Amino acid sequence: MREDGSKSIAPTIQDVWAARRRIASVVVRTPLLASSALRAAVGADVLLKHEEMQEIGAFKVRGAANKLLHLAEIGPLPGVVAFSTGNHGMGVAHVARLLGIPARVCLPDSVPQAKLDGLHRLGATIERSGPTQEDAASRAQRWEHEHGLVLVDPLDDPDVIAGQGTIGLELLESDPEIDAVLVPLSGGGLLSGVALAVKANSPRTRVIGVSAQGARAMYESVRAGRPVDFAESPTLADSLRGGIGMENRHTLRLVRELVDDIVLVSEREIEEAMLFLLRHEHLVVEGAAAVGVAALLAGRIGACARPAVLITGRNVASDVLLRLSAMI
Ligand SMILES: *Cc1c(COP(=O)(O)O)cnc(C)c1O
């Protein structure tokens, strides 16, 4: 799984700078915009980083692009394989298509048709691999070992972390006065990368991870000081589901070293935040992307004057969107 030696070395701020040069032509430099509705609601100059504006509707294209472009610099790339149902799979498929290499995505049998359609549109070959996520993972590993495809880890990979970290560089360039950054947190690839970039350039800016209570594997792992397998419950923040990997090599350490705090939000708070953004900003975001706003609205963040909140994606299921729209 770790064929290029560099992967055993943790990512550094230099890797984030290298990532930024590498992926510049593939990713959108997203705007950081003030939200007057949030300013009125929480009494701080809240800025939203609009990663939902990436072509695939989520920031994950950054890490995928850095990983695949880096590998393409090193040698020929026969093809890639991933086992994510969500935004990571789309990011990998999108970048593979740009590079003209085949992408295969292994998925559990139960994946909803809407997600399959999205991946089809991006030109990926989809393989239903059995009832569980583990079946999909082991199928993807077989493609890697038996056919030489490159398996792209969604979070615990230095290139992926550095790619996501480019968001942190953009944040401080757009606004050096930011005093807190709120980052949706699942496996921590995003939070690690953003913390690396922000702390290297502005050590006093607080970096805070926000997880759904029902999907808090990193929160529990930080508390335990080792990877913990957390039993999840259903959450609107479906993109935040999944563990940190019991063999975690990078994100747990980086989060422990660099991140100031991790806070949790409830399902009710996530729903209210989605509704708030829909109502006041006419902004459609997925549950995972609303957790930062949820934490602010719920008063979990403590004093800050100019917080930046990462809006990480807009790939919300249409039934959820319909239900929320009816509540406006
Ligand atoms: C993947 C994802 C996250 C969390 O990223 P991690 O690196 O796994 O912590 C947050 N929001 C959205 C929309 C995502 O797709």
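Author: Exposed means over 50% relative accessible area, buried means under 20%, and partly exposed is whatever falls in between. Keep in mind that this is a predicted model.

Reader: Okay, so is His282 buried or exposed?

Author: His282 sits in the loop between H11 and helix H12 (291–297). Its relative accessibility comes out at 68%. The cut-off for that end of the scale is over 50%, so His282 counts as exposed.

Reader: And what is phi of His282 near?

Author: His282 comes right after H11. Its phi is positive, and this is a residue other than glycine. The value is near 50 degrees.

Reader: Going back into H11, how far does the helix reach from its first C-alpha to its last?

Author: H11 covers residues 267–281, which is 15 residues. At 1.5 Å a residue you'd expect 21 Å, and the model is close to that. From first C-alpha to last, H11 reaches 21 Å.

Reader: Which residues of H11 are buried?

Author: Buried here takes under 20% relative accessible area. Going along H11, the residues that make the cut are Glu269, Ile270, Ala273, Met274, Leu275, Phe276, Leu277 and Leu278.

Reader: Now Ser129: is it buried or exposed?

Author: Ser129 is in the loop between strand E5 (125–128) and helix H6 (133–147). Beyond its neighbours within four places in sequence, Ser129 is in contact with Cys106, Leu107, Asp109, Asp135, Ala136 and Arg139. Its relative accessibility is 17%. The limit is under 20%, so Ser129 counts as buried.

Reader: Which residue has its backbone oxygen 3.1 Å from a polar atom of the Ser129 side chain?

Author: The pair joins a side-chain atom of Ser129 to a backbone oxygen. At 3.1 Å, the two fall within the 3.5 Å limit for a polar contact. The backbone oxygen belongs to Glu127.

Reader: On to the ligand: how much of its area does the protein bury?

Author: A polar side-chain atom of Lys60 lies 2.7 Å from a ligand oxygen. Polar backbone atoms also come up to ligand oxygens, from Gly187 at 3.1 Å and from Leu190 at 2.8 Å. Taken alone, the ligand exposes 390 Å², and the share of that buried by the protein is 97%.

Reader: How many residues in the shell around the ligand are charged?

Author: The ligand has 16 residues around it, with Lys60, Asn87, Ser186, Gly188 and Thr312 the closest. By class, six of the shell are nonpolar and eight are polar. The charged ones number two.

Key
Residues are numbered from 1 along each chain as its sequence is written. This is a predicted model: local features need pLDDT of at least 70, side-chain atom pairs count only at pLDDT 80 or more; totals for chains, interfaces and linings use all residues. Side-chain values use heavy atoms; hydrogens and water are left out. Helices (H or I, at least four residues) and strands (E, at least two) are DSSP runs, numbered from the N terminus. Buried means under 20% relative accessible area, exposed over 50%, partly exposed in between (1.4 Å probe, protein chains only). A polar contact is a pair of N or O atoms within 3.5 Å; within protein, one must be able to donate a hydrogen and the other to accept it, and residues adjacent in sequence count only if both atoms are side-chain atoms. Contact means heavy atoms within 4.5 Å. The expected span of a helix is 1.5 Å times one less than its number of residues. A residue is near a molecule or strand if one of its heavy atoms lies within 4 Å of it. Accessible areas come from the Shrake-Rupley method with a 1.4 Å probe; for residues, only the protein chains shown count as cover. Ala, Val, Leu, Ile, Met, Phe, Trp, Tyr, Cys and Pro count as nonpolar, Asp, Glu, Lys and Arg as charged, and the others, Gly among them, as polar.
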